[in-house]
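Colleague: Hi! Could you walk me through this one? I have some quick questions.

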Amino acid sequence: MKYLRKKLLGIVFVDSGSLIVTDPCYISQWQQKGSNPAELHFWGRDEDTLAAYLKKQGQFFKVKKRNSYYSVRHKDYSAEYLQEYLNQIITEKNWLVITDVVEDSVINRAYDIRCSNDMGGQVEDLNGNPGLGVIFSSGLGDGAYGVWAYYTKLPDWGERIAKVEIQLIDEDN
């Protein structure tokens, strides 16, 4: 395809280490909460030690290793109570572990996709329907990235944007 011109549309600032491509009419869905209960995430120098400790406690703890953190749930505890409980253990044992209560939402599911081996992918709505958007890791993380449009001319349509490009890492880098 032949492009007529290339134009800088603007700059996008990144503070989450990720970018999302979505239709603006779907933005309200990104903060919706799901039906799954909250869970607790933890990570840090002693994360493996804490995970092993919880697994020894028995069947009540569901501990899963994710890419860069662990998630844990308990059959009888809310995530907030679980956080208090774990923070007490972490303090007593002098472990270096950070905990965070995470509500089930589209954006939290999207962050899990961004942290996958592919560093991005398709985001589904809370009912599992695809097409809500695509999330991906932003190059080297936080920063400012230029968004460029490539224009072409189509018969019966005139000039249209044919491609959008985001330069995440300088080619000379």
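Colleague: Let's start with E159: is it buried or exposed, or something in between?

Modeller: Happy to help; bear in mind that this is a predicted model. E159 is partly exposed, at a relative accessible area of 38%.

Colleague: And which residue forms a salt bridge with E159?

Modeller: That's R5, and the closest N and O atoms of the pair are 2.6 Å apart. The two come from distant parts of the chain: R5 sits in strand β1 and E159 in strand β10, 154 residues apart. R5 is also partly exposed, with 39% relative accessibility.

Colleague: How many salt bridges does the structure hold?

Modeller: Four. One of them joins E47 and K65, with 2.9 Å between the closest N and O atoms. E47 belongs to helix α1 and K65 to strand β4, so this pair ties together parts 18 residues apart in sequence. E47 counts as buried at 13% relative accessibility, while K65 is partly exposed at 44%.

Colleague: Back to β10 for a moment. How does it pair with β9?

Modeller: They run antiparallel, paired over eight bridges. T152 stands opposite R160 in β10. The two strands make a hairpin with three residues between them, and D156 in the turn has a positive phi of about 70°.

Colleague: New topic: which residues of helix α3 are buried?

Modeller: V106, I107, A110 and R114. They are on the same side of α3 because they cover an arc of only 90° around the axis.

Colleague: What covers them?

Modeller: The cover includes strands β2, β7 and β8.

Note on methods: Residues numbered from 1 in each chain as written. Predicted model: local features only at pLDDT ≥ 70, side-chain atom pairs only at ≥ 80, totals over all residues. Heavy atoms only, no water. Buried < 20%, exposed > 50% of the residue type's maximum accessible area, 1.4 Å probe, protein only. Helix = DSSP H or I, 4+ residues; strand = E, 2+ residues; numbered from the N terminus. Arc of directions from axis to C-beta. Contact = heavy atoms within 4.5 Å. Pairing = 2+ DSSP bridges. Salt bridge = Lys/Arg side-chain N within 4 Å of Asp/Glu carboxyl O.
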